[in-house]
Amino acid sequence: MAFIEIQGLMKSYRRGAEPVEALRGIDLSVEEGAFLGVMGPSGSGKSTLLSILGGLCHPTAGKVSVDGIDLYGLGGDRLADFRREYLGFVFQSFNLVSYLTALENVMLPLAVQKIPTAQKREKARVVLARVGLSGRADHLPDQLSGGEQERVAIARALVNEPPLILADEPTGSLDTATAEEIMELFRELNSEGLSIVMVTHNPENRSHFHRIVTLRDGRVEKLSQPPSLAVGC
Ligand SMILES: Nc1ncnc2c1ncn2[C@@H]1O[C@H](COP(=O)(O)OP(=O)(O)OP(=O)(O)O)[C@@H](O)[C@H]1O
Ligand SMILES: [Mg+2]
């Protein structure tokens, strides 16, 4: 069985009296260690797919399993445990807490762990160093550049050592050079064994992915390899 298995996934939202069919039957398997890009036009269902994969939003129909765990067969508490153990989330807006330092932001996911604060601080320092931010631990988010804030968000996603990172447009608000640095960081993390599913609009990111799934109107339009890997002999 693949690391991620998605079968017959459907999601409809209610907007007033009108249902919105955001996902209309998605089937997808993703191997462990993959770097999967999710692309497609605005409104095609990319964020919805990622939220469902992250256990944040219940599907209307279909099945999602990660590492053999049937996410929506779990109860609420166990779904929360699953998220903590398996997932790191990175969003476009970083979602950093403005009055906490970079280090404190990275420590947030450790709040529920029963380990001494000094050990939490040390773990956070290690991941901040991993994303190249050792010198910025005591800065508040507004004292950091956009790329540095993104790195803090990535460090926070990594601090629990999850096997899977879900990222929704993580480079969407960055300039081209900074976005490329962040993609390079994701690529390094992937080569160290982390599985990554990333939503992006940016065609320049295509070459980083192992595979790209393109959505259109809530369906898989195309499942492809990037041009650099798709060459024949
Ligand atoms: N909470 C919600 N309530 C009602 N409709 C929603 C909700 N969230 C998303 N939708 C609708 O579902 C469809 C898919 O939305 P989704 O956010 O998944 O698209 P997307 O591909 O991520 O788009 P974008 O590239 O603009 O971020 C859209 O038509 C959207 O308007
Ligand atoms: Mg979206």
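**Exercise 1. Burial and overall dimensions**

Determine what share of the 233 residues in the protein chain is buried, and work out why the radius of gyration of the chain agrees with that of a compact globule.

*Solution.* In this predicted model, residues count as buried when their relative accessible area is under 20%, and such residues make up 48% of the 233 in the protein chain. The next step is the radius of gyration: a compact globule with 233 residues would have a value near 17 Å, and the protein chain has 18 Å, which agrees. The extent of the C-alpha trace can then be added, since along its principal axes it spans about 45 × 45 × 40 Å. Turning to the surface, the protein chain exposes about 11300 Å², of which carbon and sulfur atoms supply 49%. Finally, among contacts with a separation of 6 or more, 67% are accounted for by residues 24 or more positions apart, and the secondary structure of the chain comes to six helices and ten strands.

**Exercise 2. The shell around ligand 1**

Describe which elements and residue classes form the shell around ligand 1, and identify the polar contacts that Gly45, Lys46 and His201 make with oxygen atoms of the ligand.

*Solution.* Begin with the residues themselves: 13 surround ligand 1, and the closest are Arg15, Ser42, Gly43, Lys46 and Thr48. Sorted by class, the shell has four nonpolar, seven polar and two charged residues. Next, assign them to secondary structure: β1 (4-15), β2 (18-30) and α1 (46-53) each supply at least two residues, and α1 gives the most, with three. For the polar contacts, apply the cut-off of 3.5 Å between N or O atoms. A side-chain N or O atom of Lys46 is 2.7 Å from an oxygen atom of ligand 1, a backbone N or O atom of Gly45 lies 3.1 Å from a ligand oxygen, and a polar side-chain atom of His201 lies 3.3 Å from an oxygen of the ligand. As for cover, the protein takes up 65% of the 630 Å² of accessible area that ligand 1 has on its own.

**Exercise 3. Serine 51**

Locate Ser51 in the secondary structure, and decide whether Ser51 counts as buried, partly exposed or exposed.

*Solution.* Ser51 lies in helix α1, the helix that also gives the most residues to the shell around ligand 1. Its relative accessibility is 22%, and therefore Ser51 counts as partly exposed. Leaving aside residues up to four places away in sequence, Ser51 touches Leu56, Cys57 and Tyr72. As a last step, consider Gly62, eleven residues apart from Ser51 along the chain: the C-alpha atoms of these two residues are separated by 14 Å.

Notes
Residues are numbered from 1 along each chain as its sequence is written. Chains are lettered from A and ligands numbered from 1 in the order in which they are written. This is a predicted model: local features need pLDDT of at least 70, side-chain atom pairs count only at pLDDT 80 or more; totals for chains, interfaces and linings use all residues. Side-chain values use heavy atoms; hydrogens and water are left out. A residue is near a molecule or strand if one of its heavy atoms lies within 4 Å of it. A polar contact is a pair of N or O atoms within 3.5 Å; within protein, one must be able to donate a hydrogen and the other to accept it, and residues adjacent in sequence count only if both atoms are side-chain atoms. Accessible areas come from the Shrake-Rupley method with a 1.4 Å probe; for residues, only the protein chains shown count as cover. Helices (H or I, at least four residues) and strands (E, at least two) are DSSP runs, numbered from the N terminus. Ala, Val, Leu, Ile, Met, Phe, Trp, Tyr, Cys and Pro count as nonpolar, Asp, Glu, Lys and Arg as charged, and the others, Gly among them, as polar. The radius of gyration is taken over C-alpha atoms; the globule rule is 2.2 Å times the number of residues to the power 0.38. Buried means under 20% relative accessible area, exposed over 50%, partly exposed in between (1.4 Å probe, protein chains only). Contact means heavy atoms within 4.5 Å.
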